[in-house]
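Dear colleague,

I am handing over the structure below, together with an account of what was found in it. Please have the sequence and the model open side by side as you read.

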Amino acid sequence: MRRVSGYLTVYVALTLTVMLSLCLTLIEGVRRHTVAFETECVMDIGMDSVLAEYHRVLLQRYGILMIDTSYGTDYPSYYNTQQHLEEYLSRNLSGGEEVLLPFLYRDLLGMELEDVKVTRVSLATDDGGRAFQRRAAQSMKNSLGLNIVEDLLEWMEIVEGNGLLEGDLEEQLEQVSAQLDQYQGMEKQIGEETWIKIEITDPTETVRKMRKEGVLKWVVEDVSRLSQTAVDPALYISGRTARGEVNHGSYPRQEPLGLADNVLLLEYFLDHAGRYGAPLEDSLLQYQVEYLLCGNGSDMDNLRQTANLLCGIREAANVVYLLGCETKKGEVQALASLLASAIALPELEPLFETALILAWAYLESLYDVRTLLAGGRVALLKEDADWHYSLENIWNASVETQGGKKEGLSYEDYLRVLLYVQSPDTLTLRFMDLVEMDIRRTPGNRCFRMDGCIDGLEAEAAVRSGYGYCFTVRREKQY
């Protein structure tokens, strides 16, 4: 018999066993890591797809990227967003079956979505609208520099340094008038047997009557042509917030904006809201910036209150000018002395001086506001060349047609000053009122709500493989 060695066969068998084990281990490892990698990729794609469903009108009109979780329905809910994310994940995990015939393609991963949930959301209205504020300020950084910040801070230094927003000159005017009335009709002895009845000429009488008739009568050409539009603020986000009827997100509380971003936010409001003299097309309220300041339901009330605020600033600034101008102060003192001497009460001279200054300043302030509303400019602190009325005009109930000055601050600049001293959170809520008002007027958005708009979200998905693997991935995405 012939003897044949079998060592090669044994060697090959042992080697193939090791090689096959290694290959199968490598294949299974590749499968496992591929499942994990595809889970992450599908999750990223799904989150990006959800963020791609931003509200188009909100972007087109206000430059803000956010998801409307109502998706055109009557009620917003982040569960709607969760369902959209689930649909995107399921479609991406089942990809390939529509492209290749089943007998030519075998799914080597066997992946399917087991569970998905949105764990956290950041809403536009959280913390007084901080998310909206940051998006709005960011949208203005690319179009504005820091010059407007410097200008506004310079104006505020003048306003605050001279106390133009402090005190109540109307109340002071009434007090002066009441003090003068105490002497009206009194009798005074000017000789041993001579008595006279005091008849006081009140320098504030004319301007007090003008004030009672309302500022708008004196600062606009035709009150009847002003917007009569009125809304109910309770129907919008500020009203729902006051009643505690808003959705809330679950992100950590955001810090307030810094000084520069706060100014950019004000510029955003002015850029995206209409105002007197420059209303926006298709907007419900015509005087939107005035609504930000005052929050009243009607255009007329908001403009009236804004005009009063402007008149208060200008009146205080005009008092500062009169007290610092030696020439005009001399005129006031001379006339006050004459009025006091005429009734033989020299002790009333300081009271007449105060009355004359307040009356003169108020009349000039009406002219200033009329100039601003007509598109003119008025300096914060006037100089001699900027002053319009003479002292004799305080006896006549009339406000002349304004002139067209090119120096000073415009109506929009004064609105900047008034907005700056307001609470950013209050302004933001009122601006979101305007957003809801106008977007609800567009097709398919009749129930649009700002507290249903998502700025960012965090979601978690569990994916199971038919080969025994299960992976959970968590992602957080924001615009």
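The expected span of a helix is taken as 1.5 Å times one less than its number of residues. For helix α10, residues 259–272, the 14 residues should therefore span 20 Å, and the end C-alpha atoms are indeed 20 Å apart, which agrees. Please keep in mind throughout that this is a predicted model.

Helix α10 is mostly covered, with ten of its 14 residues buried, and among these buried residues are N262, E267, Y268, F269 and H272. The buried residues of α10 pack against several other helices, namely α2 (56–62), α4, α5 (147–161), α11 (288–294), α15 (411–420) and α16.

Two of those partners, α4 and α16, also meet each other. The axes of helix α4 (residues 126–141) and helix α16 (residues 424–439) come within 9 Å and cross at roughly 75 degrees, which makes α4 roughly perpendicular to α16. On the α4 side the contact is formed by D127, G128, G129, R130, F132 and Q133, and on the α16 side by P424, D425, T428, F431 and M432. Sorted by class, this contact of α4 with α16 holds four nonpolar, four polar and three charged residues.

Turning to the interior, the largest nonpolar core has 112 residues, and those with the most contacts inside it are F132, V219, Y268, F352, L366 and F431. Helix α14 gives the most to this core, with 16 residues. F431, leaving out residues up to four places away in sequence, touches Y62, F132, Y268, F269, H272, A273 and L292. Apart from the largest core lies another one, of 25 residues, which includes V35, L89, V121 and V463.

Helix α14 deserves a separate look. Its 25 residues, 349–373, should span 36 Å at 1.5 Å a residue, and the end C-alpha atoms are 36 Å apart, which agrees. Of these 25 residues 21 are buried, so α14 is largely enclosed by the rest of the structure. After the helix comes G375, whose phi is positive, near 100 degrees.

Within α14 sits A359, which counts as buried because its relative accessibility is 0%, the limit for buried being under 20%. Not counting residues up to four places away in sequence, A359 touches L173, P203, T204, V207 and I394. Y236, by contrast, is 123 residues from A359 in sequence, and the two C-alpha atoms are 42 Å apart in space.

I394 also appears among the contacts of T206, a residue of helix α7 (residues 205–212), since T206 is in contact with I394, W395, N396 and A397 once its neighbours within four places in sequence are left aside. T206 is buried, with a relative accessible area of 16%.

Is G444 buried or exposed? G444 is exposed, because its relative accessible area is 57%, where exposed means over 50%. G444 is placed in the loop between α16 and β5 (453–465). The C-alpha atoms of G444 and L335 are separated by 67 Å, while the two residues are 109 residues apart along the chain.

With kind regards

Conventions:
Residues are numbered from 1 along each chain as its sequence is written. This is a predicted model: local features need pLDDT of at least 70, side-chain atom pairs count only at pLDDT 80 or more; totals for chains, interfaces and linings use all residues. Side-chain values use heavy atoms; hydrogens and water are left out. Helices (H or I, at least four residues) and strands (E, at least two) are DSSP runs, numbered from the N terminus. Buried means under 20% relative accessible area, exposed over 50%, partly exposed in between (1.4 Å probe, protein chains only). Axes are lines fitted to C-alpha atoms, for helices over the stretch in contact, and angles run from 0 to 180 degrees between N-to-C directions. Angles under 35 degrees count as roughly parallel, over 145 as roughly antiparallel, 65 to 115 as roughly perpendicular and the rest as oblique. Contact means heavy atoms within 4.5 Å. Ala, Val, Leu, Ile, Met, Phe, Trp, Tyr, Cys and Pro count as nonpolar, Asp, Glu, Lys and Arg as charged, and the others, Gly among them, as polar. A nonpolar core is a set of buried Ala, Val, Leu, Ile, Met, Phe, Trp, Tyr and Cys residues joined through side-chain atoms within 4.5 Å.
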